Amino acid sequence: MEMINAIGRRKASVARVYLTKGDGKIVINGKDFKDFFPQDHVQNNVLDPFATVEATNLYDLKVTVAGGGYKGQSEAIRLAISRALVKLNEDFRKPLKDKSYLTRDARVVERKKYGKPKARKSFQFSKR
């Protein structure tokens, strides 16, 4: 098996994933993923696609991720891993799609408008 690559995006984060046959080693930006994401619920975002298709500890991952915060980055990585697994085996599409791991979440922060303190918040109205 050669190297399979895929891209995932979420909010301002972009993740590139390189999937190879291996023993389950995950490296994100040169660090072990448990050091890169110390919180358990964020680590689960990275591991969920493998658990869904029952392919835990079968593939090595090299990930480069940039932009956004840790939650957006972890969800971008989840999407990229899911896309790479579908490239590897088309049978993985249904279980991953059922959990919405192949859907790009398009919600991004709304821009600030002029004359307002935030995107929609207004200054206090004074009648007199």
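**Exercise 1.** How many residues does helix α3 have, and what span does it reach from its first C-alpha to its last?

*Solution.* Keep in mind that this is a predicted model. Start with the ends: α3 covers residues 70-88, giving it 19 residues. Next, take the span from first to last C-alpha, which comes to 27 Å. Now check that against 1.5 Å a residue: the expected value is 27 Å, and the helix is close to it. Finally, look at the cover: 14 of the 19 residues in α3 are buried, so "mostly covered" fits, with buried meaning under 20% relative accessible area.

**Exercise 2.** Work out how strand β5 pairs with β2 and with β3, parallel or antiparallel.

*Solution.* Take β2 (residues 13-21) to begin with: 8 bridges tie it to β5 (residues 59-66), and the two run antiparallel. For a landmark, find R16, which sits opposite T64 in β5. Then move to β3 (residues 26-28): here 3 bridges make the link to β5, and the strands run parallel. The landmark this time is V27, standing opposite K62 in β5.

**Exercise 3.** Find out what surrounds R78, and whether R78 is buried or exposed.

*Solution.* First place the residue: R78 lies in helix α3. R78 is buried, yet has no salt bridge. To see why, go to the nearest side chain of opposite charge: E75 is 4.6 Å away, and a salt bridge has to be within 4 Å. Now try polar partners: the side chains of R78 and N45 share a polar contact of 3.3 Å. Last, skip neighbours within four places in sequence, and the contacts of R78 are N45, P49 and Y101.

Key. Residues are numbered from 1 along each chain as its sequence is written. This is a predicted model: local features need pLDDT of at least 70, side-chain atom pairs count only at pLDDT 80 or more; totals for chains, interfaces and linings use all residues. Side-chain values use heavy atoms; hydrogens and water are left out. Helices (H or I, at least four residues) and strands (E, at least two) are DSSP runs, numbered from the N terminus. The expected span of a helix is 1.5 Å times one less than its number of residues. Buried means under 20% relative accessible area, exposed over 50%, partly exposed in between (1.4 Å probe, protein chains only). Two strands pair if DSSP finds at least two bridges between them. Lys and Arg count as positive and Asp and Glu as negative; His and the chain ends are not counted. A polar contact is a pair of N or O atoms within 3.5 Å; within protein, one must be able to donate a hydrogen and the other to accept it, and residues adjacent in sequence count only if both atoms are side-chain atoms. Contact means heavy atoms within 4.5 Å.
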